[in-house]
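This note is addressed to a colleague who is new to the structure shown below. The points are numbered so that each may be checked in turn.

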Amino acid sequence: MISVAELGDDGTFGVPRVVLEEAHHLSYPQVFAHDGEIFMIPESGSARELVLYRAAQFPDRWVRDTVLMTDRDFNDATLLESDGRFWLVGTERFGYGSASDTMAVYCAPSLRGPWVAHPLNPIAVDHSATRPGGAFIRQDDALVLPVQNGSRAYGGGLGLMQLERLDASDVRFASPRPIGAGPAWARTGIHTLNRAGNVEVVDSAG
């Protein structure tokens with residue numbers, strides 16, 4: 001399920017309330033605005049589908065807008081609009097393989113598709129730097145993707161990986177720069193990082 005909680009001016013959160021529930025697992029919601037509407041793409045890999053939801057009444061009511069992918073176990077899909085095309089970066093489970101170590105990329109001419117696999121898929125196989133851990137971050141002229149480091153444990157760490165090239169013929173990232181937990185973080189790992197305006201949110205898988 002997906003829940004929402006209001007962030008007050010004093011920095012505290014209200015009581016979470018459920019806004020989207022399905023028969024299968026939902027997590028990692030990427031919420032964004034496009035063409036005057038608000039959309040969300042949550043992870044639903046266990047249902048072997050990836051669904052675009054549209055806010056009928058933000059943030060409390062969501063409707064299924066478009067099924068972007070079917071018959072694929074695609075995890076932590078992270079959207080990027082670049083050079084007039086739409087891209088999804090995530091990890092894809094093939095057969096009995098891991099859901100966390102195989103990066104795949106899909107592209108489409110519009111948000112609703114059709115979505116096609118990049119010819120270089122799988123882009124990389126690596127437990128330390130392939131599963132997204134948050135939305136792309138713009139730093140001046142650069143694009144940076146948070147990536148999970150699951151080499152020791154799921155949710156064990158996070159890095160920032162700069163996108164060097166993304167087009168129809170190539171996908172290239174720089175080596176990730178690890179994010180270390182500071183003294184204010186009383187957890188054993190870092191799972192995701194997201195930023196909206198002056199607010200940054202991190203979470204732990206444990």
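How many Å apart are the mean positions of the positive and negative charges of the protein?

1. Charge distribution. The model under discussion is predicted. The protein carries 17 positive and 26 negative charges. The mean positions of these two sets are 3 Å apart.

2. Overall architecture. The secondary structure consists of 19 strands and 0 helices. The radius of gyration is 17 Å, close to the 17 Å that the globule rule gives for 206 residues, so the protein is as compact as a globular protein of that length. Taken along the principal axes, the box filled by the C-alpha atoms is roughly 45 × 40 × 40 Å.

3. Burial, surface and contacts. Of the 206 residues in the protein, 44% are buried. The exposed area of the protein is about 11,100 Å², and carbon and sulfur atoms supply 49% of that area. When contacts between residues at least 6 apart in sequence are considered, 37% of them join residues at least 24 apart.

4. Aromatic pairs. A search of the whole structure yields 3 aromatic pairs. In one of them, the ring centres of Phe 58 and Trp 62 lie 6.0 Å apart with the planes at 80°, so this pair is edge-to-face. The two partners fall into separate burial classes: Phe 58 is partly exposed at 46% relative accessibility, whereas Trp 62 is buried at 10%. Another pair is formed by Phe 74 and Tyr 106, whose ring centres are 5.3 Å apart and whose planes stand at 80°, so it is likewise edge-to-face. Because Phe 74 belongs to strand 7 (residues 73-82) and Tyr 106 to strand 9 (residues 102-108), this pair ties together parts that are 32 residues apart in sequence. Phe 74 is buried, with a relative accessible area of 2%, and Tyr 106 is buried too, with a value of 3%.

5. Cis peptide bonds. Phe 58 deserves a second look, since the peptide bond from Phe 58 to Pro 59 is cis, with omega near 0°. Pro 59 sits in the loop between strand 5 (49-57) and strand 6 (61-70). A cis peptide bond also joins Gly 113 and Pro 114, where omega is about 5°. Pro 114 is placed in the loop between strand 9 and strand 10.

6. Positive phi values. Which residue other than glycine has a phi near 50°? Asp 35 has this positive value, and its place is in the loop between strand 3 (27-34) and strand 4 (37-43). With a relative accessibility of 69%, Asp 35 counts as exposed. Asp 83 is not a glycine either, yet its phi is positive at about 55°. The loop between strand 7 and strand 8 (85-93) holds Asp 83, which is exposed with a relative accessible area of 76%.

7. Leu 166. Is this residue buried or exposed? Leu 166 counts as buried because its relative accessibility is 15%, which is under the 20% limit for that class. The residue lies in strand 15 (residues 157-166). Setting aside residues up to four places away in sequence, Leu 166 touches Leu 80, Trp 87, Val 105 and Val 171. Pro 178 is 12 residues from Leu 166 along the chain, and their C-alpha atoms are separated by 22 Å.

8. Pro 122. This proline is located in the loop between strand 10 (116-117) and strand 11 (124-125). Its relative accessible area is 41%, so Pro 122 is partly exposed. Apart from neighbours within four places in sequence, Pro 122 is in contact with Thr 102 and Met 103. The C-alpha atoms of Pro 122 and Pro 29 are separated by 23 Å, the two residues being 93 residues apart along the chain.

9. Gly 189. In which loop is this glycine found? Gly 189 lies between strand 17 (177-179) and strand 18 (192-196). Although placed in a loop, Gly 189 is buried, with a relative accessible area of 6%. Between the C-alpha atoms of Gly 189 and Ala 108 there is a separation of 34 Å, and the residues are 81 apart along the chain.

Technical notes. Residues numbered from 1 in each chain as written. Predicted model: local features only at pLDDT ≥ 70, side-chain atom pairs only at ≥ 80, totals over all residues. Heavy atoms only, no water. Helix = DSSP H or I, 4+ residues; strand = E, 2+ residues; numbered from the N terminus. Buried < 20%, exposed > 50% of the residue type's maximum accessible area, 1.4 Å probe, protein only. Contact = heavy atoms within 4.5 Å. Phe/Tyr/Trp six-rings, centres within 6.5 Å; stacked < 30°, edge-to-face > 60°. Rg over C-alpha atoms; globule rule 2.2 N^0.38 Å. Areas by Shrake-Rupley, 256 points an atom, 1.4 Å probe, with all protein chains shown as cover. Lys, Arg positive; Asp, Glu negative; His and termini not counted. Charge placed at Lys NZ, Arg CZ, Asp CG, Glu CD.
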